[in-house]
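Colleague: Could you take a close look at the salt bridges in this model for me? I'd like to hear where they sit and what surrounds them.

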Amino acid sequence: MPSSVAAFAAAAADTPLAPLAIERREVGPQDVAIDILWCGVCHSDLHYARNEWGRTVYPAVPGHEIVGRVREVGSGVKRHKPGDLVGVGCMVDSCRTCEPCTEGEEQFCAHQIGTYGGVEKGTQRQTFGGYSRSVVVDEHFVLRIPAGLDPAKAAPLLCAGITTYSPLRHWGVGPGKKVGVVGLGGLGHMGVKLAHAMGAEVVVFTTSPSKFEEARKLGADSAILSTDPAQMKAHNNSFHFILNTVSAAHNLDHYVRLLRRNGTMCLVGAPAEPHKGPGAWLLLGGRRSVAGSPIGGIRETQEMLDFCAEHDVTPETEVIAMGDINAAYERMLRNDVRYRFVIDMSTLG
Ligand code: NAP
Ligand code: ZN
Ligand code: ZN
């Protein structure tokens with residue numbers, strides 16, 4: 001039987017999130033039913049709830065940094081059992097047969113199903129995210145939370161963690177590499193911690209002077225006020241890799257000129273408006289690249305969770321109650337989050 005569960009939803013782009021009862025599908029043979037304990041608050045939740053990408057289906061239940069406990073499993077489930085601590089990120093299914101899927105990069109599957117705003121296989125109903133009491137997910141898309149990771153702090157790893165880990169690995173970040181991280185928010189601060197743990201020299205670019213000291217505590221070797229041209233110019237032609245996590249449109253050329261020969265800037269931020277740049281001369285002058293990267297595959301997400309447990313890399317979090325979500329969105333827009341809100345789902349009521 002499908003079950004009715006409590007959730008928090010946006011009814012329209014310009015209304016605050018409010019309680020809503022939603023349906024979760026019956027537990028199928030390959031399904032895992034999860035009671036949600038913690039859910040991180042990603043800036044993508046805000047973009048989506050407010051229809052900033054122009055494709056929101058209402059009512060919208062955001063939340064894709066989910067940690068919970070397995071309540072029930074289907075008859076064919078092998079990877080998880082009741083009582084396990086598990087995680088769910090941005091995807092809940094994919095086609096399983098295309099080239100990206102068979103290579104473990106489900107994030108590139110054309111038929112990938114998002115944790116929210118997707119269309120559920122079988123029921124054909126829209127998917128709802130983690131701002132809810134429970135969720136039913138195919139076992140392939142359910143991650144194991146390693147022992148030793150604080151469950152509340154594991155939640156942001158399911159999006160902010162993997163979205164930064166994957167490009168850092170893909171572009172070979174490690175010892176001897178000078179790495180920039182643009183924007184010190186939820187993604188950015190994980191980028192700093194991960195790049196530092198991988199052994200790179202890390203430089204933070206921030207618009208918030210108040211984050212300078214904190215950047216060093218997070219593992220950065222130095223921090224730069226990105227609005228100061230003199231501080232920026234001092235780093236021209238020096239970066240092997242720059243991870244750009246900014247949630248708003250800006251001039252990319254300010255960063256492209258900081259890349260050394262063959263350097264790459266990877267965009268992970270997903271603003272509603274297009275960026276200015278990159279100019280052709282800056283790119284061809286140093287054979288520089290501007291790239292992009294979405295989340296990461298399931299195999300790599302598990303690898304990232306294990307890496308974080310092994311290297312003691314966890315986000316800085318502020319626990320909030322479900323009812324605080326609208327105020328949290330406003331604070332996020334003021335760059336006033338240090339550095340990830342996590343909802344205590346026991347407060348859902
Ligand atoms: P966040 O916590 O709000 O952090 C964004 C940071 O960007 C802010 O803390 C701020 O850093 C900087 N920033 C904001 N507005 C700016 C502006 N107008 N000019 C310059 N810098 C500005 O957001 P998040 O959760 O980390 O997400 C960041 C972006 O990544 C969002 O667009 C989100 O949708 C996207 N995202 C993409 C993926 C993916 O798969 N690629 C996954 C998750 C999220 P400072 O205060 O340091 O300047
Ligand atoms: Zn996210
Ligand atoms: Zn596929």
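Modeller: The program counts 16 salt bridges in this structure, a salt bridge being a side-chain nitrogen of Lys or Arg within 4 Å of a carboxyl oxygen of Asp or Glu. Bear in mind that this is a predicted model, where local features need pLDDT of at least 70 and side-chain atom pairs count only at pLDDT 80 or more, while totals for chains, interfaces and linings use all residues. Residues are numbered from 1 along each chain as its sequence is written, chains are lettered from A and ligands numbered from 1 in the order in which they are written, and side-chain values use heavy atoms, with hydrogens and water left out.

Let's start with Lys121, which pairs with Asp93 at 3.2 Å between the closest N and O atoms. Lys121 belongs to the loop between β7 and β8 and Asp93 to strand β6 (residues 91–93), so this bridge ties together parts 28 residues apart in sequence; helices (H or I, at least four residues) and strands (E, at least two) are DSSP runs, numbered from the N terminus. Asp93 is buried, at 10% relative accessible area, whereas Lys121 is partly exposed, at 42%. For those words, buried is under 20% relative accessible area, exposed is over 50%, and partly exposed is in between (1.4 Å probe, protein chains only). Both residues also belong to a salt-bridge network that links Asp93, Arg96, Lys121 and Asp138.

Next to Lys121 in the numbering is Glu120, found in the loop between β7 (113–114) and β8 (134–138). Glu120 is buried at 12%, and its side chain makes a polar contact with the side chain of Thr123 at 2.7 Å. A polar contact is a pair of N or O atoms within 3.5 Å; within protein, one must be able to donate a hydrogen and the other to accept it, and residues adjacent in sequence count only if both atoms are side-chain atoms. Beyond its neighbours within four places in sequence, Glu120 is in contact (heavy atoms within 4.5 Å) with Arg25, Arg125 and Thr127.

Now for Glu316 and Lys193, whose side chains meet in a salt bridge at 2.5 Å, N to O. That pair joins distant parts of the chain, 123 residues apart: Glu316 is in the loop between α10 (298–311) and β16 (317–321), and Lys193 is in helix α5 (residues 186–197). Lys193 is buried at 14%, but Glu316 is partly exposed at 32%.

That brings in the domains. An automatic or database assignment splits the protein into domain 1 (3–159 + 316–347) and domain 2 (161–292). The contact draws on 13 residues from domain 1 and 20 residues from domain 2. Two salt bridges are counted between the domains. The Glu214 and Arg338 side chains also form a salt bridge, at 2.9 Å from N to O. On the domain 1 side of the contact there are six nonpolar, three polar and four charged residues; Ala, Val, Leu, Ile, Met, Phe, Trp, Tyr, Cys and Pro count as nonpolar, Asp, Glu, Lys and Arg as charged, and the others, Gly among them, as polar.

One last bridge: Asp336 pairs with Arg331, with the closest N and O atoms 3.0 Å apart. Here Asp336 is partly exposed at 30%, and Arg331 is partly exposed at 23%.
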